[in-house]
Amino acid sequence: MRGLEALPFAANLYKVPVAEGYFLVDAGLPWQAGKLLRLLREPPRLLFLTHHHTDHSGGARALWKRFGLPILAHPKEWPYLTKEKPRPPLPIPLLGPWLANLAPPLPREALRPAEEGEVVWGWRVVELPGHTLGQVGLFREGLLIAGDALRGKGLPPRFVNEDHALAKKTVRKILDLGAETVYLGHGGPLSRQEVEALALKLGV
């Protein structure tokens with residue numbers, strides 16, 4: 001989409017243009033929040049979180065405190081974002097639980113639901129579960145912002161997926177949507193042909 005801008009933080013963040021300015025997809029690590037705030041000369045209309053992992057949601061509280069903006073996420077992700085429930089530990093000895101839960105909690109009043117079929121400034125919310133059970137993306141005119149549904153030219157490693165079998169099924173869903181270009185949380189965009197090759201490799 002013309003004007004879609006990727007911001008290369010620990011995970012790719014996206015500035016999505018709308019008639020009234022832009023909104024932001026994902027928020028980076030908590031210690032990157034200062035850098036992110038310096039980059040955003042105008043306040044975003046909203047923050048859309050693809051999923052709860054700290055490299056995608058860690059800066060969300062700083063954005064909310066600065067701008068008071070609504071934060072959209074799937075309700076399945078809310079208990080992790082508010083810290084009512086601890087995030088699954090990263091596969092790192094001893095430090096895994098601590099690293100996974102570094103993001104400061106979001107107040108529940110900051111959150112708004114983002115579920116299948118809802119429309120956000122002309123983009124349709126699509127559920128892309130597997131990496132997390134409540135992962136969501138945004139689809140419009142053949143373009144999909146997919147969070148960590150894909151990584152590189154494959155799937156995220158099995159050990160960081162909450163449901164690896166479901167993550168495989170999501171590859172087929174991406175194709176069934178009619179996606180022609182897929183923007184990822186890690187790595188450059190993928191073409192439909194690259195996603196089709198992955199689906200063939202996975203047998204989905």
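Student: In this predicted model, which residue just after α6 takes a positive phi, and of about what value?

Tutor: Helix α6 spans residues 164-177, and the position to inspect is the one just after the helix, which is Gly178. The phi of Gly178 is positive, at about 95°.

Student: On which side or sides of α6 do its buried residues lie?

Tutor: The buried residues of α6 are His164, Ala167, Thr170, Val171, Ile174, Leu175 and Leu177. An α-helix has 3.6 residues a turn, so residues three or four places apart point the same way. The buried residues cover an arc of only 160° around the axis, and therefore they lie on the same side of α6.

Student: Which residues are exposed on the other side of α6, and what do the buried ones pack against?

Tutor: On the other side of the helix, the exposed residues are Lys169 and Asp176. The buried residues of α6, for their part, pack against β8 (123-127), β9 (136-140), β10 (143-145), β11 (181-183) and α7 (192-202).

Student: At the start of α6, which backbone nitrogen does a side-chain oxygen of Asp163 reach?

Tutor: The side chain of Asp163 contributes an oxygen at the start of the helix, and this oxygen comes to within 3.3 Å of its partner. That partner is the backbone nitrogen of Ala165.

Student: Is His52 buried or exposed?

Tutor: His52 sits in the loop between β4 (47-48) and α2 (54-57), and, leaving aside neighbours within four places in sequence, its contacts include Glu77, Tyr80, Arg87 and Glu162. Because its relative accessible area is 0%, His52 counts as buried.

Methods
Residues are numbered from 1 along each chain as its sequence is written. This is a predicted model: local features need pLDDT of at least 70, side-chain atom pairs count only at pLDDT 80 or more; totals for chains, interfaces and linings use all residues. Side-chain values use heavy atoms; hydrogens and water are left out. Helices (H or I, at least four residues) and strands (E, at least two) are DSSP runs, numbered from the N terminus. Buried means under 20% relative accessible area, exposed over 50%, partly exposed in between (1.4 Å probe, protein chains only). Contact means heavy atoms within 4.5 Å. The expected span of a helix is 1.5 Å times one less than its number of residues. The arc is that of the directions from the helix axis to the C-beta atoms. A polar contact is a pair of N or O atoms within 3.5 Å; within protein, one must be able to donate a hydrogen and the other to accept it, and residues adjacent in sequence count only if both atoms are side-chain atoms.
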